[in-house]
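Please open the structure in the viewer and keep the selection tool at hand. The tour proceeds from stop to stop, stating what to select and what is found there.

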Amino acid sequence: MNIAVVTGASSGIGKEFVKQIAEKFQTVEEIWVIARRKDRLDELTEIIEDVKIKPIVCDVSDSNDIENYRSMLKEYNPSIRVLVNSAGFGVIGRFEELEEADIVGMCDVNMTALTKMIAVSLPYMNEKRANIINVASSAAFAPQPSFAVYAATKSYVLSLSTALNRELMSRNICVTAVCPGPVDTEFFDIAEKHHNVKLYKKMLRSKASKVVETALLDAYHSYHISVHGFTMKLFRFICKIVPRNFITKFID
(Lines give C-alpha, C1' and ligand atoms only; values in the text may rest on other atoms or scores of the structure.)
Protein backbone atom coordinates (compact mmCIF):
# COMPACT_ATOMS: atom_id res chain seq x y z
CA MET A 1 0.00 0.00 0.00
CA ASN A 2 1.40 3.39 -1.03
CA ILE A 3 0.72 6.16 1.46
CA ALA A 4 1.51 9.79 2.16
CA VAL A 5 2.18 11.02 5.69
CA VAL A 6 1.48 14.63 6.64
CA THR A 7 2.16 16.14 10.06
CA GLY A 8 0.53 19.37 11.15
CA ALA A 9 -2.34 18.30 8.91
CA SER A 10 -5.17 19.92 10.84
CA SER A 11 -4.68 23.45 9.51
CA GLY A 12 -2.70 25.85 7.36
CA ILE A 13 0.04 24.56 5.09
CA GLY A 14 -0.28 20.98 6.35
CA LYS A 15 -3.99 20.84 5.53
CA GLU A 16 -3.31 22.28 2.09
CA PHE A 17 -0.68 19.59 1.46
CA VAL A 18 -3.30 16.93 2.22
CA LYS A 19 -5.74 18.46 -0.26
CA GLN A 20 -3.22 18.79 -3.09
CA ILE A 21 -1.58 15.40 -2.55
CA ALA A 22 -5.04 13.82 -2.75
CA GLU A 23 -5.58 15.59 -6.08
CA LYS A 24 -2.16 15.12 -7.69
CA PHE A 25 -0.51 11.92 -6.42
CA GLN A 26 -2.23 9.14 -8.34
CA THR A 27 -0.10 6.38 -6.81
CA VAL A 28 -1.02 7.35 -3.23
CA GLU A 29 -3.78 5.09 -1.92
CA GLU A 30 -4.07 6.51 1.58
CA ILE A 31 -2.99 9.64 3.44
CA TRP A 32 -2.08 9.39 7.09
CA VAL A 33 -2.93 12.78 8.59
CA ILE A 34 -1.21 13.60 11.87
CA ALA A 35 -2.08 16.37 14.33
CA ARG A 36 -3.24 16.91 17.90
CA ARG A 37 -6.80 18.05 17.16
CA LYS A 38 -9.03 15.08 16.43
CA ASP A 39 -12.01 17.17 15.33
CA ARG A 40 -9.91 18.90 12.67
CA LEU A 41 -8.58 15.56 11.39
CA ASP A 42 -12.10 14.15 11.21
CA GLU A 43 -13.08 17.11 9.03
CA LEU A 44 -10.47 16.02 6.49
CA THR A 45 -12.15 12.63 6.11
CA GLU A 46 -15.30 14.50 5.06
CA ILE A 47 -13.80 16.97 2.59
CA ILE A 48 -11.24 14.69 0.87
CA GLU A 49 -12.94 12.36 -1.58
CA ASP A 50 -10.19 11.18 -3.92
CA VAL A 51 -8.08 9.26 -1.37
CA LYS A 52 -8.75 7.43 1.87
CA ILE A 53 -7.80 9.52 4.90
CA LYS A 54 -6.42 7.88 8.05
CA PRO A 55 -6.57 10.29 11.01
CA ILE A 56 -3.83 9.84 13.64
CA VAL A 57 -4.12 11.94 16.77
CA CYS A 58 -0.49 12.57 17.67
CA ASP A 59 1.65 15.22 19.31
CA VAL A 60 4.88 14.90 17.34
CA SER A 61 6.87 16.27 20.28
CA ASP A 62 5.60 13.44 22.52
CA SER A 63 7.90 10.40 22.43
CA ASN A 64 5.05 8.04 23.29
CA ASP A 65 2.99 9.29 20.36
CA ILE A 66 5.94 8.85 18.02
CA GLU A 67 6.34 5.27 19.27
CA ASN A 68 2.66 4.66 18.50
CA TYR A 69 3.31 5.91 14.96
CA ARG A 70 6.29 3.55 14.71
CA SER A 71 4.07 0.66 15.84
CA MET A 72 1.50 1.52 13.18
CA LEU A 73 4.16 1.41 10.49
CA LYS A 74 5.27 -2.01 11.69
CA GLU A 75 1.68 -3.26 11.71
CA TYR A 76 0.62 -2.00 8.28
CA ASN A 77 4.07 -2.08 6.60
CA PRO A 78 3.18 0.58 4.02
CA SER A 79 5.38 2.14 1.37
CA ILE A 80 5.66 5.87 2.08
CA ARG A 81 5.57 7.74 -1.21
CA VAL A 82 5.79 11.17 0.40
CA LEU A 83 6.42 12.42 3.94
CA VAL A 84 5.49 16.03 4.69
CA ASN A 85 6.79 17.49 7.94
CA SER A 86 4.56 20.51 8.38
CA ALA A 87 4.10 20.56 12.15
CA GLY A 88 5.75 23.58 13.72
CA PHE A 89 5.21 26.86 15.51
CA GLY A 90 6.89 30.12 16.36
CA VAL A 91 6.52 32.85 18.98
CA ILE A 92 7.51 36.44 18.29
CA GLY A 93 9.49 38.26 20.96
CA ARG A 94 12.96 38.86 22.26
CA PHE A 95 14.57 35.81 23.84
CA GLU A 96 14.48 37.13 27.41
CA GLU A 97 10.79 37.98 27.08
CA LEU A 98 9.69 34.52 25.96
CA GLU A 99 8.51 31.79 28.29
CA GLU A 100 10.97 28.94 28.64
CA ALA A 101 8.26 26.46 27.60
CA ASP A 102 7.86 28.27 24.27
CA ILE A 103 11.61 28.43 23.67
CA VAL A 104 12.09 24.73 24.32
CA GLY A 105 8.83 23.88 22.55
CA MET A 106 9.95 25.50 19.30
CA CYS A 107 13.14 23.41 19.41
CA ASP A 108 11.25 20.22 20.26
CA VAL A 109 8.62 20.54 17.54
CA ASN A 110 10.52 22.29 14.75
CA MET A 111 13.75 20.29 15.03
CA THR A 112 13.62 17.20 17.24
CA ALA A 113 10.16 15.99 16.23
CA LEU A 114 10.83 16.58 12.54
CA THR A 115 14.09 14.63 12.77
CA LYS A 116 12.39 11.75 14.58
CA MET A 117 9.64 11.59 11.97
CA ILE A 118 12.24 11.23 9.23
CA ALA A 119 14.19 8.59 11.16
CA VAL A 120 11.09 6.50 11.91
CA SER A 121 9.61 6.85 8.42
CA LEU A 122 12.72 6.39 6.28
CA PRO A 123 12.87 2.56 6.48
CA TYR A 124 9.42 2.46 4.87
CA MET A 125 10.31 4.65 1.92
CA ASN A 126 10.87 1.79 -0.51
CA GLU A 127 9.34 3.30 -3.62
CA LYS A 128 11.38 3.69 -6.80
CA ARG A 129 10.78 7.36 -6.16
CA ALA A 130 9.91 9.05 -2.86
CA ASN A 131 9.85 12.54 -1.41
CA ILE A 132 10.46 14.08 1.97
CA ILE A 133 9.12 17.63 2.18
CA ASN A 134 10.16 19.63 5.23
CA VAL A 135 8.41 22.92 5.88
CA ALA A 136 11.10 25.41 6.87
CA SER A 137 10.79 29.17 6.34
CA SER A 138 12.47 32.12 4.69
CA ALA A 139 13.50 32.90 8.27
CA ALA A 140 16.11 30.19 7.72
CA PHE A 141 18.07 32.48 5.42
CA ALA A 142 19.23 34.92 8.11
CA PRO A 143 19.17 35.41 11.90
CA GLN A 144 16.08 37.32 12.99
CA PRO A 145 16.06 39.39 16.19
CA SER A 146 12.71 39.06 18.01
CA PHE A 147 12.23 35.74 16.18
CA ALA A 148 15.64 34.31 17.01
CA VAL A 149 14.76 30.79 18.16
CA TYR A 150 12.23 30.18 15.41
CA ALA A 151 14.65 31.35 12.71
CA ALA A 152 17.40 29.18 14.16
CA THR A 153 15.20 26.09 14.16
CA LYS A 154 14.28 26.69 10.54
CA SER A 155 17.95 27.11 9.62
CA TYR A 156 18.43 23.64 11.06
CA VAL A 157 15.60 22.29 8.89
CA LEU A 158 17.11 23.83 5.77
CA SER A 159 20.59 22.52 6.55
CA LEU A 160 19.36 19.03 7.41
CA SER A 161 17.19 18.84 4.30
CA THR A 162 20.00 19.91 2.00
CA ALA A 163 22.41 17.34 3.42
CA LEU A 164 19.86 14.51 3.44
CA ASN A 165 18.89 15.27 -0.14
CA ARG A 166 22.48 14.48 -1.10
CA GLU A 167 22.72 11.41 1.14
CA LEU A 168 19.48 9.84 -0.08
CA MET A 169 19.96 10.57 -3.77
CA SER A 170 21.14 7.00 -4.41
CA ARG A 171 17.81 5.71 -3.09
CA ASN A 172 15.82 8.04 -5.36
CA ILE A 173 14.53 9.91 -2.34
CA CYS A 174 14.38 13.67 -2.82
CA VAL A 175 14.38 15.91 0.25
CA THR A 176 12.98 19.40 -0.26
CA ALA A 177 12.99 22.26 2.24
CA VAL A 178 10.02 24.58 1.73
CA CYS A 179 11.00 28.15 2.65
CA PRO A 180 8.03 30.48 2.31
CA GLY A 181 7.73 33.99 3.60
CA PRO A 182 4.74 34.90 5.77
CA VAL A 183 1.72 32.75 4.90
CA ASP A 184 -1.92 33.59 5.55
CA THR A 185 -2.66 30.82 8.09
CA GLU A 186 -3.39 30.37 11.80
CA PHE A 187 0.37 30.44 12.47
CA PHE A 188 0.31 34.07 13.59
CA ASP A 189 -2.49 33.42 16.10
CA ILE A 190 0.18 31.70 18.20
CA ALA A 191 3.17 33.72 17.01
CA GLU A 192 1.64 37.00 18.17
CA LYS A 193 1.35 35.77 21.75
CA HIS A 194 3.53 38.61 23.06
CA HIS A 195 4.05 40.98 20.11
CA ASN A 196 2.29 41.72 16.86
CA VAL A 197 3.97 40.80 13.60
CA LYS A 198 5.55 43.70 11.78
CA LEU A 199 3.45 45.44 9.15
CA TYR A 200 5.70 44.58 6.20
CA LYS A 201 5.35 40.88 7.01
CA LYS A 202 1.56 41.19 7.02
CA MET A 203 1.73 42.85 3.61
CA LEU A 204 3.88 40.04 2.20
CA ARG A 205 1.64 37.15 3.22
CA SER A 206 1.08 34.49 0.58
CA LYS A 207 -1.78 32.03 0.20
CA ALA A 208 -1.07 28.56 1.56
CA SER A 209 -2.44 26.99 -1.63
CA LYS A 210 0.16 28.80 -3.76
CA VAL A 211 3.03 27.90 -1.44
CA VAL A 212 2.06 24.22 -1.49
CA GLU A 213 1.51 24.20 -5.25
CA THR A 214 5.03 25.56 -5.74
CA ALA A 215 6.46 23.11 -3.19
CA LEU A 216 4.97 20.04 -4.83
CA LEU A 217 6.16 21.17 -8.26
CA ASP A 218 9.68 21.77 -6.94
CA ALA A 219 9.66 18.39 -5.16
CA TYR A 220 8.55 16.74 -8.40
CA HIS A 221 11.60 18.26 -10.11
CA SER A 222 13.81 17.03 -7.23
CA TYR A 223 14.83 20.51 -6.07
CA HIS A 224 16.38 20.63 -2.61
CA ILE A 225 14.69 23.95 -1.81
CA SER A 226 11.36 25.56 -2.67
CA VAL A 227 10.88 29.31 -2.38
CA HIS A 228 7.55 30.77 -3.45
CA GLY A 229 7.33 34.26 -4.91
CA PHE A 230 9.73 36.84 -6.31
CA THR A 231 10.12 38.76 -3.04
CA MET A 232 11.29 35.75 -1.03
CA LYS A 233 13.59 34.62 -3.83
CA LEU A 234 15.12 38.09 -3.80
CA PHE A 235 15.47 37.94 -0.02
CA ARG A 236 17.27 34.61 -0.31
CA PHE A 237 19.67 36.09 -2.87
CA ILE A 238 20.38 39.13 -0.69
CA CYS A 239 21.08 36.88 2.30
CA LYS A 240 23.72 35.07 0.25
CA ILE A 241 25.72 38.19 -0.58
CA VAL A 242 25.12 40.59 2.32
CA PRO A 243 26.81 40.03 5.73
CA ARG A 244 24.42 38.67 8.33
CA ASN A 245 25.15 41.37 10.90
CA PHE A 246 24.12 43.98 8.35
CA ILE A 247 20.87 42.16 7.53
CA THR A 248 19.86 41.84 11.18
CA LYS A 249 19.96 45.64 11.57
CA PHE A 250 17.11 45.93 9.07
CA ILE A 251 15.11 42.96 10.35
CA ASP A 252 15.27 44.10 13.99
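**Cysteines**

A search of the whole structure finds zero disulfides, a disulfide being a pair of cysteine sulfur atoms within 2.5 Å. The model is a predicted one, in which local features need pLDDT of at least 70 and side-chain atom pairs count only at pLDDT 80 or more, while totals for chains, interfaces and linings use all residues. Residues are numbered from 1 along each chain as its sequence is written, and side-chain values use heavy atoms, with hydrogens and water left out.

Select Cys179 and Cys239. Why is the sulfur of Cys179 not in a bond with the closest cysteine sulfur? That closest sulfur, in Cys239, is 11 Å away, which is too far for a bond. Cys179 is buried, at 0% relative accessibility, and Cys239 also counts as buried, at 12%. Here buried means under 20% relative accessible area, exposed means over 50%, and partly exposed lies in between (1.4 Å probe, protein chains only).

**Helix H9**

Select residues 230-241, which form helix H9; a helix is a DSSP run of H or I with at least four residues, numbered from the N terminus. Phe237 is located in this helix. Is Phe237 buried or partly exposed? Phe237 is partly exposed, its relative accessible area being 47%.

**Helix H4**

Select Ala101, which is found in helix H4 (residues 100-121). This residue is exposed, with a relative accessible area of 57%. Finally, add Leu164 to the selection: its C-alpha atom is separated by 29 Å from that of Ala101, and the two residues are 63 residues apart along the chain.

Note on methods. Helices (H or I, at least four residues) and strands (E, at least two) are DSSP runs, numbered from the N terminus.
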